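Good morning, and thank you for coming. I would ask you to keep the sequence and the structure in view while I speak.

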Amino acid sequence: MKFIVNYRNFVPIREGLESCGYSVLENLWNPSDEQLQDCEGYLIDMYDAMKRPWDTLRLKSRLRRRRIPLIGWNRDAPWNKGAKRRRLWWFRQLRVLDIYMAHSLQGAAAFASEVHYLPNAAWISRYHLAGRTLEALRDPRGYRHDVSFVGTLDAEKYPEFTGRAQFFAELERRLAGFGVSTWFRHGKDMPLQDQIDLIQRSRININFGAACDDGPGKSWGLPERCYGVPACGGFLLSETREHAARDFDIGTEWVDFSGMEDCVGKVRHYLANFPEARAVAERAHARVLREHTYEHRARTIMAIAREWRARTESRAAAG
């Protein structure tokens, strides 16, 4: 079985498909007939497809003859930052994709007649317990920080994250008044093991803001942090996200806040009720391993591609 992936060399989905038994070919705009033989689907980054319209149309024509679905996955929905308006218009008008998948379903129907929710996930070959156990994480003596966040906070270099930088500056000021220790840093290139150690040594890991929010409103989708933190065994406290209820049980596997005051209140509550926080973290960890890894996303893509092929072949046989 083969799958072609033309998606910015996105290693997690390649690993996920390989774990499902696929031979994965990457970055082929003009695959040979041999490469298309026994290929079950072609996963493309819709941004690259929009930048190369004629190559995409030629590719689409070849795939259609072999009844191979062209699947676009959008992890920057719904505002599609960086995509020029004329290209978005062209993509919507031609409906070049057979299947559109996105981590946020805002405006999703504009891109294809078949739309599916495909959220981010935990890349568990990198983000995992790293030798520690959930039992060990129940010991409050093993923590260095009360609340932490590591991510893009350099608003001067990344102005789209100005709101995030302002939020954490104010949150740090508010929590300091209650004697809460915080570790909020710009750490885009923080070593992996240091990231995991920070997650596991922080009683509370905050999620606030994402690149996909850079537009007239917040994306409904969940950033990777929302799956990676639980995968490492950390307790996540996130801002509200519309699609959170699709992936987690609110209250038992997912805890969120609706604004600054609510965030401060939730932080204080879960610091005072550490066993409750750990119970949520452990349930979220189990849910992620059960449903939210990139192998699970690969299985979803695989199943949808097979269903599409079966329908297409059935219509062709019916005449």
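I shall take the pockets, then the enclosed cavities, then two helix packings, and lastly two points of backbone geometry. Please bear in mind throughout that this is a predicted model.

Let me begin with the open spaces. The largest pocket has a volume of about 1400 Å³. Its lining is made up of 38 residues, and those nearest the centre of the pocket are Arg75, Thr152, Pro223, Glu224 and Arg225. Four elements each give two or more residues to that lining, namely β7 (145-151), α7 (192-200), β9 (202-207) and α8. Strand β7 supplies the largest share, with 4 residues. By class, the lining of the largest pocket holds 20 nonpolar, 9 polar and 9 charged residues.

The second largest pocket has a volume of about 210 Å³. Here 14 residues form the lining, and Glu160, Gly209, Ala210, Asp213 and Asp214 are the ones nearest the centre. How does the lining of this second largest pocket divide into nonpolar, polar and charged residues? There are 4 nonpolar, 4 polar and 6 charged residues in that lining.

I turn now to enclosed space. In general terms, a probe the size of a water molecule, rolled over the atoms, shows where empty space remains. With a threshold of 30 Å³ or more, the count is 2 cavities.

The largest cavity has a volume of about 70 Å³. Its lining consists of Cys226, Pro230, Gly234, Phe235, Leu236, Phe248, Glu253, Trp254, Val255, Val280, Ala281 and Ala284. Two elements, α8 (225-231) and α11 (274-291), each provide two or more of the lining residues. Of the elements, α11 gives the largest share, at 3 residues. In terms of class, 10 lining residues of the largest cavity are nonpolar, 1 is polar and 1 is charged. Helix α8 thus appears in two settings, contributing to the lining of the largest pocket and to that of the largest cavity.

The second largest cavity has a volume of about 30 Å³. The residues around this cavity are Tyr47, Met50, Lys51, Gly82, Ala83, Lys84 and Arg87. Helix α3 (residues 46-51) accounts for the largest share of the lining, 3 residues. The lining of the second largest cavity comprises 3 nonpolar, 1 polar and 3 charged residues.

My next topic is helix packing, and I have two pairs to show. In the first pair, helix α1 (residues 11-19) packs against helix α12 (residues 294-318) at an angle of about 70°, and the axes are 8 Å apart. Because of that angle, α1 is roughly perpendicular to α12. The crossing of α1 over α12 is right-handed. Which residues of α1 and α12 meet? From α1 there are Pro12, Ile13, Gly16, Leu17 and Ser19, and from α12 there are Tyr294, Glu295, Arg297, Ala298, Arg299 and Ile301. Sorted by class, this contact has 6 nonpolar, 2 polar and 3 charged residues.

The second pair is helix α6 (residues 162-176) with helix α10 (residues 260-272), whose axes come within 11 Å and cross at roughly 50°. The two helices α6 and α10 are therefore oblique to each other. Their crossing, too, is right-handed. On the α6 side the contact is made by Phe167, Glu170, Leu171, Arg174 and Leu175, and on the α10 side by Met260, Glu261, Cys263, Val264 and Val267. The contact of α6 with α10 contains 7 nonpolar and 3 charged residues, with no polar ones.

I close with the backbone. As a general background, most peptide bonds are trans, and most residues other than glycine have a negative phi. Where does the model contain a cis peptide bond? That bond joins Ala77 and Pro78, with omega at about 5°. Pro78 sits in the loop between β4 (70-74) and α5 (85-94).

The other point concerns Asp38, a residue other than glycine with a positive phi, near 65°. Asp38 is located in the loop between α2 (33-36) and β3 (39-45).

That brings me to the end of the presentation, and I welcome your comments.

Note on methods:
Residues numbered from 1 in each chain as written. Predicted model: local features only at pLDDT ≥ 70, side-chain atom pairs only at ≥ 80, totals over all residues. Heavy atoms only, no water. 1 Å grid on protein atoms, 1.4 Å probe; cavity = no way out; pocket = protein on both sides within 12 Å on 5 of 7 lines; lining within 4 Å. Points joined across faces, edges and corners; volume = space filled by probe spheres on them. Nonpolar A, V, L, I, M, F, W, Y, C, P; charged D, E, K, R; others polar. Axes fitted to C-alpha atoms, helices over the stretch in contact; angles between N-to-C directions. Parallel < 35°, antiparallel > 145°, perpendicular 65-115°, else oblique. Left-handed = near helix turned anticlockwise from the far one by under 90°. Contact = heavy atoms within 4.5 Å.
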